[in-house]
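Work through the exercises below with the model open. Try each task before reading its solution.

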Amino acid sequence: MAWVMALVILIALILYAILGGADFGAGFWDLFASGPRARRQRDLVALAIGPVWEANHVWLILVVVALFTAFPPAFAVLSIALHVPLALMLLGIVARASSYVFRNYDVAGDVVQQRWGNVFAYASAATPILLGIVVGAISSGAIRVDPERGFEVLTGFFAPWVRIFPFAVGFFALSLFAFLAAVYLIRETHDPELQEDFRLRALIAQGGVVVFALIAALTSRLGAHEEFHVRLLGSWWSWLFFAAACVVAAITTLLVVRRRYALARIFAAGEVAVVVAGWGFAHQPFLIAPDVTIENAAAPAATLRLLIIVLAVGALTLFPSLYWLYRVFKREPIFEELRRD
Amino acid sequence: MQARASMPYLALVDNLLFARTQMGVSLGFHIIFAAIGIAMPLLMVISEVAWLRTKDPDYLELTKAWAKGTAILIAIGAASGTVLSFELGLLFPGFMRHAGAVIGMPFSLEGFAFFAEAIFVGIYLYGWNRVRPALHVAAGIAVALAGALSAVFVITANAWMNHPRGFRIEDGVFVDIDPWHAMTTPFGVHQIIHMLVAAYLATGILVAAIHAWILLRHPGNPIHRKALGIAMAMVIPAAIVQPAIGDFASKQVARYQPLKLAAMEGQFKTEANAPLRILGIPDREARETRLAIELPGLLSFLSYGDRDAVVQGMEDFPEENWPPVVVHYAFQLMVLFGMLLFFLSIWAAAHWIGRRRLPQSRAFLWCVLLSGPLGMAAIEFGWIVTEVGRQPWVIYEVMRTSEAVTPMPGLIAPLIVSCLLYIGLSIAVIAVLYRQVMIAPGLPPAPGPEV
Ligand code: HDD
Ligand code: HEM
Ligand code: HEM
């Protein structure tokens, strides 16, 4: 049952990446709004994420609560070892959410609105980097604990994450989300000029994805735990995922180049899903390599059983509602409609 | 660097204090937006239904104005709530490590309530032209229900911390965990009811105060009279039942946490016919509460329904388990504010029964305006009673807060950063809302920077 919960958490993480990640990526493009259409680009970003960002954000909360219910020691260990980047990430989350609503609703005039917009853009860019750092630190094998002594954390508060690899993963995450957002944003408007703007941005971001993936791959060896490194790149299915990611990325790029945007949207999401899934599978049986595993951190069976039932019943109400939300807002762009108001 | 390197004892104590303060500040901030997130959707829905029924455009304008404010406040609530979910671990990993498996369940259920709230709030705020009116109202109702549900679930977790059950402890490890038994503690009954009513009361009076303020400046404005009517319709019943529910809460505390009750009341001696103390300064050295107005026998009566019942005093318990003195003051203030709101509501209700409308006088509007912050203040003080009154335990009589706190040194830094953040956010929220109120529907356009 612990494995079921690990899978559920991975799925929630994937959904957070392809939904919530894109909202951060969209905010990132606010930072790089430029040219004669800068203002319209910013408005497009704001209106595209408006109806959905809160719902998308809840996936992260689900990951956290599922983690601390199903694997309490893993949550405790992460909270101690990665206290600093997690706290900074929270700062980013709060800044992003509040500046976003202030930007949309404050009526103090253009200057103030611009200022909120800047906070929104910077916070949107910083948060995914911090998320990536956390993920990178978890995978690097640099967090050591003693499972025999109540999962006491043995490593320091900075050592596991202040290194090149986690930062490479951080920038990789940012480019991935930026890419995803650009592809989604193309479909959020009927305006061909705006579409071209984001097409270009999507291609640039895809370039960033490749570069940072390479850097991460090259630096993963630095200070990583030996056994884990072998697993991450050594087993046959990590190669399978790797190959799949390359193929999907290539197809997505091609679709964007040839302006097949509807399909590109699906493949871009697929690209991110494959990357996150590959990361997750390469991890097992570890939650935090190399000392915390799915087995030794699992909550008692009674908890897991009830949790799975709760999640299953919850999913029955959740997915139809989510479907309604996206059908209402994501079939036809809302941008032109609301901008007139 | 070793995480548990032998830190000086004093540094640890300070760290505990910083961690507790940060938790308290974060929760105290979140609860305001949470309460608004519970009650504001209900106000919007009532106003929207009124519009659909009467086709009076005032109600539509009012709904849209309220919806804007709600959008801002709910987003802050979501952000500050996310901080809390992480902070439970960041500050009290020892607590989460043991309690996660026991009370993760309500938090997971809460996750689905958040989903429902966030999904339907998106449809509600952006879907005016995209879904049919009936479905739009339905989305609003779903938001209101989801908000109330998330409160129910999270309070279940808090009730477990106050009255833990559904597990056994063997060698410091929680075994035989029964999450269902854990999340249905009897302590949750009064907490849930009292908190939900508090949310409707506090939000309602805050909204009423804003509209009373506008009415004082623009007497007779029809939109704002309607707004005041709807808000007071929520406040009056809530304020009238709240003291009775609070009385039930005291009885529950008397039964399950007699030490907390004693601390709330400044009761040092164990005695029959114990007096209810109003005001007073608890003096721990002398073990008596000085300068209090004592109403003989009333505490025994309120706690156990019998004037001669014996009320346990703090002296019955080891001094190291006494909660801090502020519990007494916080309790007094909550009850004071509760009674003020109660009398205001009685006045309004009597007037309404007699003349079928709220009092029109400026005196009434002034009273509503001045009462605006009292509800939120009562919520804050109430939570101080509950949470600080539980000290030194994080899980009542099971785990001390000091055992739960993180080994991370230097917690003063995040504490300062979060305090600054919350102060800044509060100022920003107030400024943004103030400017929203200034362009409220039905008012002459304000001479603002926007031309
Ligand atoms: C609008 C807010 C409000 C008002 C007017 C009152 N309360 Fe309250 N009270 C709360 C808001 C609140 C709260 C913030 O919601 C608390 C904190 C924990 C809880 O469950 O409710 C609370 C807790 C709380 C507790 C502690 C429960 C515990 O530790 O679990 C008691 C004994 C009372 N209240 C009693 C009263 C009495 C006798 C009132 C008489 C007027 C009163 N309250 C008014
Ligand atoms: C929302 C209203 C709440 C407020 C205002 C509040 C307030 C506080 C305060 C002031 C403290 C610090 C205690 C001290 O200084 O002695 C605290 C601690 C704590 N509260 Fe709450 N609380 C609230 C609700 C909750 C809920 C619903 C939970 C649910 C799990 C919770 C969990 C905790 C924890 C884990 C601590 C830290 C340990 C401790 O000091 O006891 N609180 N809270
Ligand atoms: C008794 C105290 C609490 C009540 C009544 C309460 C209620 C609510 C409500 C109604 C919301 C919806 C958002 C809004 O309307 O502003 C919310 C948001 C949230 N709360 Fe609380 N809460 C409480 C304490 C806590 C605690 C202790 C935690 C964390 C452990 C927490 C975590 C969250 C999270 C993560 C969200 C964001 C959900 C979203 O993204 O929509 N809350 N809370």
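A polar contact here is a pair of N or O atoms within 3.5 Å. The model is predicted.

**Exercise 1. Which polar contacts does ligand 3 make with B:His30, B:Phe33 and B:Glu117?**

Step 1. Start with B:His30. A polar atom of its side chain is 2.9 Å from a nitrogen atom of ligand 3. That is a polar contact, because the cut-off is 3.5 Å.

Step 2. Go to B:Phe33. Here a polar backbone atom sits 3.2 Å from an oxygen atom of ligand 3.

Step 3. Take B:Glu117. An N or O atom of its side chain lies 3.2 Å from an oxygen atom of ligand 3.

**Exercise 2. Describe the shell around ligand 3, by chain, helix and class.**

Step 1. Count the shell. There are 28 residues around ligand 3, and B:His30, B:Gly37, B:Gly81, B:Ser85 and B:Glu117 are the nearest.

Step 2. Check the chains. The site is shared between chains, because residues of both A and B surround ligand 3.

Step 3. Assign helices. α3 of chain A contributes at least two residues, as do α1, α2, α3 and α4 of chain B. The largest share, eight residues, is from α2(B).

Step 4. Sort by class. The shell has 17 nonpolar, nine polar and two charged residues.

**Exercise 3. Do the same for ligand 1, then list polar contacts.**

Step 1. Ligand 1 is surrounded by 27 residues, the closest being B:His190, B:His194, B:Lys260, B:Met334 and B:Thr386.

Step 2. In chain B, α6, α7, α8, α10 and α12 each give at least two residues to this shell. Its classes are 15 nonpolar, ten polar and two charged.

Step 3. Look at side chains. A polar atom of the B:His194 side chain is 2.8 Å from a nitrogen atom of ligand 1. For B:Lys260, a side-chain N or O atom is 2.9 Å from an oxygen atom of ligand 1.

Step 4. Add the backbone. An N or O atom of the B:Gln191 backbone is 3.4 Å from an oxygen atom of ligand 1.

**Exercise 4. Which protein residue donates to the iron atom of ligand 2?**

Step 1. The single protein donor is B:Glu387 (OE), at 2.1 Å.

Step 2. Place B:Glu387 in the fold: helix α12 of chain B.

**Exercise 5. Is A:Leu62 buried or exposed?**

Step 1. Locate A:Leu62. Helix α3 of chain A, residues 53–70, holds A:Leu62.

Step 2. Read the area. The relative accessible area of A:Leu62 is 7%, so A:Leu62 is buried. The cut-off for buried is under 20%.

Notes: Residues are numbered from 1 along each chain as its sequence is written. Chains are lettered from A and ligands numbered from 1 in the order in which they are written. This is a predicted model: local features need pLDDT of at least 70, side-chain atom pairs count only at pLDDT 80 or more; totals for chains, interfaces and linings use all residues. Side-chain values use heavy atoms; hydrogens and water are left out. Helices (H or I, at least four residues) and strands (E, at least two) are DSSP runs, numbered from the N terminus. Buried means under 20% relative accessible area, exposed over 50%, partly exposed in between (1.4 Å probe, protein chains only). A residue is near a molecule or strand if one of its heavy atoms lies within 4 Å of it. A polar contact is a pair of N or O atoms within 3.5 Å; within protein, one must be able to donate a hydrogen and the other to accept it, and residues adjacent in sequence count only if both atoms are side-chain atoms. Ala, Val, Leu, Ile, Met, Phe, Trp, Tyr, Cys and Pro count as nonpolar, Asp, Glu, Lys and Arg as charged, and the others, Gly among them, as polar. Donors are N, O and S atoms within 2.8 Å of the metal (3.2 Å for Na, K and Ca); water is not among the atoms, so sites may look incomplete.
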